[in-house]
Amino acid sequence: MSRKKIAMIGNRFGRLLVLEEAPRPILFKHKELFWKCQCDCGGVVSLTGCNLRAGITKSCGCLQIETVKKQMTTHGYSKTNIAYTFGAAKQRAKRFKVPFNLTIEYVAELLTKTKICPILETKLIVGVYGDSPSLDRLIPEDGYVIGNVRVISQRANSMKNDASITQLTNFIKNIMPYLNKE
Ligand SMILES: [Zn+2]
């Protein structure tokens with residue numbers, strides 16, 4: 001075994017530990033060496049030495065998945081989420097025949113600054129049923145226009161739309177005694 005090969009084995013690149021030389025995939029055209037790496041999460045991947053040394057790949061893929069999940073739950077929203085919320089509001093405006101003048105930048109700003117549902121006081125989490133952010137109209141007939149929308153959870157939005165104020169008031173009045181009944 002050449003010195004170059006020995007030097008790679010046992011080396012750590014991010015979460016990856018180089019175990020041994022791996023066979024080069026048949027379709028790979030360059031004459032680079034492949035290395036079998038064990039990821040801290042338990043995953044195993046084969047990568048080129050060049051890739052590892054350049055720091056391009058630092059995990060079996062688990063790191064990217066974690067980063068995406070983190071972005072979705074703690075930091076603002078991805079471009080896709082913003083575009084989706086914006087598009088959904090535009091469609092609803094059309095369906096309910098109400099005005100629409102929102103911009104994607106305005107929706108992005110609203111989404112980014114609202115982390116907690118103001119009605120249910122729950123954390124807003126994109127893609128989680130009920131906890132996903134949705135745009136709500138303060139005055140429904142004024143439509144989706146700047147100044148008339150705010151971000152609340154999907155759950156709060158449907159509760160608000162499904163029940164009348166009287167029903168909600170009765171719900172609050174009766175739910176605790178009801179649940180405490182034997
Ligand atoms: Zn991993």
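## Two separated domains

The centres of domain 1 and domain 2, taken over C-alpha atoms, are separated by 43 Å in this model, which is a predicted one. According to the domain assignment of the protein, domain 1 covers residues 12-72 and domain 2 covers residues 81-181.

One pair of residues gives a further sense of distance along the chain: L63 and I165 are 102 residues apart in sequence, and their C-alpha atoms are separated by 46 Å.

## Overall form

The protein contains 7 helices and 6 strands, and these follow one another along the sequence in the pattern α-β-β-β-β-α-α-α-α-β-β-α-α. The radius of gyration of the protein is 26 Å, whereas the globule rule gives 16 Å for 182 residues, so the protein is more spread out than a compact globule.

Taken along the principal axes, the box filled by the C-alpha atoms is roughly 80 × 50 × 25 Å. Of the 182 residues in the protein, 16% are buried. Among contacts with a separation of 6 or more, 40% are between residues 24 or more positions apart.

## The open sheet

Four strands form an open sheet in the order β1-β2-β3-β4, and their pairing is antiparallel. The edges of this sheet are β1 (12-13) and β4 (44-48), each of which pairs on one side only.

At one of these edges, β1 pairs with strand β2 (residues 16-22) in the antiparallel sense over 2 bridges. The residue R12 has L17, in β2, as its bridge partner.

## The nonpolar cores

The largest nonpolar core of the protein has 14 residues, and those with the most contacts inside this core are F86, A89, L102, V107, L135 and Y144. Two or more residues are given to this core by each of the elements α4 (79-96), α5 (104-113) and β6 (149-153). A second core of 7 residues is separate from the largest one, and its members include L16, V18, C37 and L47.

Within the largest core, A89 can be followed through its contacts: when neighbours within four places in sequence are left aside, A89 is in contact with L102, L135 and Y144.

## Two leucines in their surroundings

L102 lies in the loop between α4 and α5. Although this residue is in a loop, L102 is buried, because 21 other C-beta atoms lie within 10 Å and the cut-off for a buried residue is 20 or more. Not counting residues up to four places away in sequence, L102 touches F86, A89, V107, Y144, V145, I146 and V149. L102 and G143 are 41 residues apart in sequence, while the distance between them in space is 9.9 Å, C-alpha to C-alpha.

L63, by contrast, is found in helix α3 (residues 62-73). This leucine has 17 C-beta neighbours inside 10 Å and therefore counts as partly exposed, since that class lies between the limits of 12 or fewer for exposed residues and 20 or more for buried ones. Leaving aside neighbours within four places in sequence, the residues in contact with L63 are R15 and K58.

Conventions:
Residues are numbered from 1 along each chain as its sequence is written. This is a predicted model: local features need pLDDT of at least 70, side-chain atom pairs count only at pLDDT 80 or more; totals for chains, interfaces and linings use all residues. Domain bounds come from an automatic or database domain assignment. Two strands pair if DSSP finds at least two bridges between them. The radius of gyration is taken over C-alpha atoms; the globule rule is 2.2 Å times the number of residues to the power 0.38. Two residues are in contact if their C-beta atoms, placed from the backbone, lie within 7 Å. A nonpolar core is a set of buried Ala, Val, Leu, Ile, Met, Phe, Trp, Tyr and Cys residues joined through C-beta atoms within 7 Å.
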